[in-house]
Amino acid sequence: MELSSIIDLERIDEYREDNQIEAKAAQGGLPDTLWDSYSAFANTDGGCILLGVKEREDHTLKVVGLKDAAKMKKDFWNMVNNRQKISVNLMTEHRVRIEKVGDKEIIVLEVPRADRTSRPVYKGMDPRIGTYRRNDEGDYLCSLEEVSAMFRDAALSPQDAKVLTQMDMSVFCEDTVRGYRQVFRSTHPNHMWNRLEDEIFLRRIGAMANGEDGIYHPTAAGLLMFGYEYEILREFPQYFLDYQENRQMAATRWTDRVVSSSGEWSGNLFDFVYKIVPILTAGLKVPFVLRGMQRMDDTPVHKILREAVTNACAHADFYGRRGLVISKTADGFTFANPGSMRVAKKDAIEGGVSDPRNGVILKMFSLINYGERAGSGLCNIFKVWEHVYHTPAQMTEETGDPNRVIVSLLNGGHEQDVKAMLELYDNPEELTFPDDDNLYGTERVSDKSELSDDLSDKSVLKDKIAKELSDKPKMSDRLSDILSDIFVMACSNDFITTSAVAAELSLDARSVRRYITRLVDYGYLVAEGGNKNKKYRRANN
């Protein structure tokens, strides 16, 4: 955090105190409330404390200056290194500066956000009565619940890696374990773990671990993912999963709801995710996109919604109150999880920094292709959403009692931009994209009347087909040239085969099959015969 990004000292009278600026006149020396603000900024997102500046009645700032700034700076360094005054020194030389504003001197203290392993940062000797956080109204004393959450987050190991020695495999729902293994098997059909007994398999994925008693017990992650809800409540008394849907904006609070406490299903994380993702994504537009002859129904928007669900599970503090709440309305989607941010909000959105509270749960989802482990999950969610809906996603952190993080994917009244969505598919060169009037699979008959039937000048024919193909979505110049060459071959012969084209153009047969499939889908070629003897000829115009 740099001073220039928070306040311009030449325009100091235009600022007000907020969640990153605190002014203190400090006319009688370092005020004791300085350490309240130091603790608050360190435990939130950092900020500037200005000594020698006071707040006017209209809440703007006024420089009053310091009588002896050099002595006050020295006093600050003595106190910040005193563990009886403040629990940790986060300051460096460049963060403690004497600045001149007009003819007056002030001290600028740039307090950084403390790393989670250093939290809580507290005043005095007792964190229960000396831990503060910052909100728009100033510094507030944290509750015992908030302080306890900070101590939990300070641990080096993931919160969900805890071994629950008072439990055994009986807490797991056998149907859930079987369901997870089926998904794992379909994702990794040749994986050696598929042959393992359930207990060994659960050890491999982190659902069980060896306790101090030398016996394998469920981990917190295993309990949350596979346990019965009533067993989960033994370790996580505030545990609650809630999916709410009210897309009709009717008078009722929701048109569909799934809660972990219903008693109608296991109530664990894995079953929750697999229950809600299909209804969460229902109603999304699905363009007509092919990979080979297979339609691709899993759009980039489907993927980021799954990612958002996984992200909420991976970062939730399940010891916290109010539970995990996911909602779907006509305006979009919100994902709210208990707990505070473990990294700075800016770093989380920009990507590249990953510090999940539940790293083992994230691993379990990643093993079945749910979740992102490169720290770019939230970054990707935000980019895709804005690209497709032309409305930025939002993330807010509610501090207080309790702490919550809320990711809002609201559409701003916009429909999905399908053309923009088509640009985001993986490996677009391997896909067949529709034309504007064929976005949802309606059959399109190509008008090729402008193509020359005079094959004596093949270069003219190739130029014409290349020009028409250049208008296709995601059509590179090289791909257009290859498709043009294949079509000219079909026009020059009664028929073509994959092997003949591969030999003529020095391409591998697998790629040629993809190219020919495109020409068939576009209506330039028709296929004849079975798979082993399939031939292709020019379509009749």
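This is a short tour of the model in your viewer, stop by stop, with a selection to make at each one.

**Before you start**

The model is predicted, so local features are reported at pLDDT of at least 70 and side-chain atom pairs at pLDDT 80 or more, while totals for chains, interfaces and linings use all residues. Residues are numbered from 1 along each chain as its sequence is written, and side-chain values use heavy atoms, with hydrogens and water left out.

**Stop 1: the whole chain**

Show everything as a cartoon. The protein has 18 helices and 21 strands; these are DSSP runs numbered from the N terminus, with helices as H or I of at least four residues and strands as E of at least two. Now colour by accessibility: of the 541 residues, 50% count as buried. Here buried means under 20% relative accessible area, exposed means over 50%, and partly exposed is in between, using a 1.4 Å probe and protein chains only. Among contacts with a separation of 6 or more, 65% come from residues 24 or more positions apart, a contact being heavy atoms within 4.5 Å.

**Stop 2: a six-stranded sheet**

Select β11, β12, β15, β16, β17 and β18. They belong to an open sheet with mixed pairing, in the order β12-β11-β15-β16-β18-β17. Two strands count as paired if DSSP finds at least two bridges between them. At the edges are β12 (256-259) and β17 (394-398), each pairing on one side only. From one strand to the next, the twist averages 10°.

Zoom in on β11 (residues 241-246) and β15 (residues 324-329), which pair in the parallel sense over 6 bridges. Display Tyr243 and you will find Ile326 of β15 opposite.

Next, add two helices:

- Helix α9 (residues 269-281) lies across β11, β12, β15 and β16 (332-338), and runs at about 10° to β11.
- Helix α10 (residues 300-315) lies across β15, β16 and β18 (404-410), and runs at about 15° to β16.

Those angles run from 0 to 180 degrees between N-to-C directions, with axes fitted as lines to C-alpha atoms, for helices over the stretch in contact.

**Stop 3: aromatic rings**

Keep α9 on screen and show Phe270 and Tyr274. How are their rings arranged? The centres are 4.8 Å apart and the planes are at 35°, so the pair is tilted. Rings of Phe, Tyr and Trp (its six-membered ring) pair if their centres lie within 6.5 Å; planes under 30 degrees apart are stacked, over 60 edge-to-face, and the rest tilted. The two residues are 4 apart in helix α9, about one helical turn. Phe270 is buried at 3% relative accessibility, whereas Tyr274 is partly exposed at 31%.

Widen the selection to Phe172, Tyr180, Phe184, Trp193, Phe201, Phe226, Phe270, Tyr274, Phe365 and Tyr370: these form one aromatic cluster. Add Arg181, whose charged end sits over the ring of Phe201, 4.2 Å from its centre. Arg203 is another to show, over the face of Tyr216 at 3.6 Å from the ring centre. For such a placement, NZ of Lys or CZ of Arg must be within 6 Å of the ring centre and within 35 degrees of the ring normal.

**Stop 4: the nonpolar cores**

Select Tyr180, Ile205, Phe226 and Phe335. They have the most contacts inside the largest nonpolar core, which has 76 residues. A core is a set of buried Ala, Val, Leu, Ile, Met, Phe, Trp, Tyr and Cys residues joined through side-chain atoms within 4.5 Å. Centre on Phe226: beyond its neighbours within four places in sequence, its contacts include Val171, Leu202, Ala207, Asn268 and Met364. Then move to Leu30, Phe41, Leu51 and Val111, which are among the residues of a second, separate core of 24 residues.

**Stop 5: backbone details in loops**

Finish with three loops. Which peptide bond is cis, with omega near 0°? Select Arg119 and Pro120: the bond from Arg119 to Pro120 is the one. Pro120 is in the loop between β6 (104-111) and α3 (127-130).

Go on to Asn369, in the loop between α12 (359-366) and α13 (377-389). Asn369 has a positive phi of about 65° although it is not a glycine, and is exposed at 56% relative accessibility.

The last selection is His390, in the loop between α13 and β17. Phi of His390 is also positive, near 55°, and at 47% relative accessibility His390 counts as partly exposed.
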